[in-house]
Amino acid sequence: MAARPPVVVGVDVGSNSARALALDPDGTVLGGTTAGYPGAASWPPGHADPRAWLAATGEALAALAAQVPGAARPAALCLGGQSPTTVADGAGLPAGPPRSPAGTRRA
């Protein structure tokens, strides 16, 4: 049985959804998925729920792995996200309420 070529996975945790993309070593897109954030419609402007980011990222990655088998154990993973940085506390949870760039307020 021939070995599968390595797969690289990219994940974008955006302001409206999490997206995952699988590429081969030559940069050919092998598959892509998107998952919306649960409960996002009820978020106050400029606020977000990091648990929803995690849920949607997991959903997008699981769908990608079903679409592209090599994506379940990629050779490399690239993660991009929204502009603000969320700092985790000792339990791995956000140290404060994350803000979304979609609701950026001016001083």
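**Paired strands and salt bridges**

Val9 has Ala22, a residue of strand 2, as its bridge partner. This contact belongs to a predicted model, in which strand 1 (residues 8–13) and strand 2 (residues 17–23) pair in the antiparallel sense over six bridges. Strand 2 also runs antiparallel to strand 3 (residues 29–36), and seven bridges join these two. The points below take the hairpins and then the charged side chains in turn.

**Strands and hairpins**

- Between strand 1 and strand 2 the chain passes through three residues, and the connection is a hairpin.
- Strand 2 and strand 3 likewise form a hairpin, here with five residues between them, and Gly27 in the turn has a positive phi of about 90°.
- Among the pairs that link strand 2 with strand 3, Leu23 stands opposite Val29, the latter lying in strand 3.

**Salt bridges**

- Side chains of opposite charge can pair when their charged atoms come close.
- With a salt bridge taken as a side-chain nitrogen of Lys or Arg within 4 Å of a carboxyl oxygen of Asp or Glu, the count comes to two.
- One of them joins the side chains of Arg19 and Asp12, with 2.4 Å from N to O.
- Arg19 counts as partly exposed because its relative accessibility is 32%, and Asp12 also counts as partly exposed because its value is 29%.
- Another salt bridge brings together the side chains of Asp49 and Arg51, with 3.4 Å from N to O, and Arg51 counts as exposed because its relative accessibility is 61%, where exposed means over 50%.

Note on methods:
Residues numbered from 1 in each chain as written. Predicted model: local features only at pLDDT ≥ 70, side-chain atom pairs only at ≥ 80, totals over all residues. Heavy atoms only, no water. Buried < 20%, exposed > 50% of the residue type's maximum accessible area, 1.4 Å probe, protein only. Pairing = 2+ DSSP bridges. Helix = DSSP H or I, 4+ residues; strand = E, 2+ residues; numbered from the N terminus.
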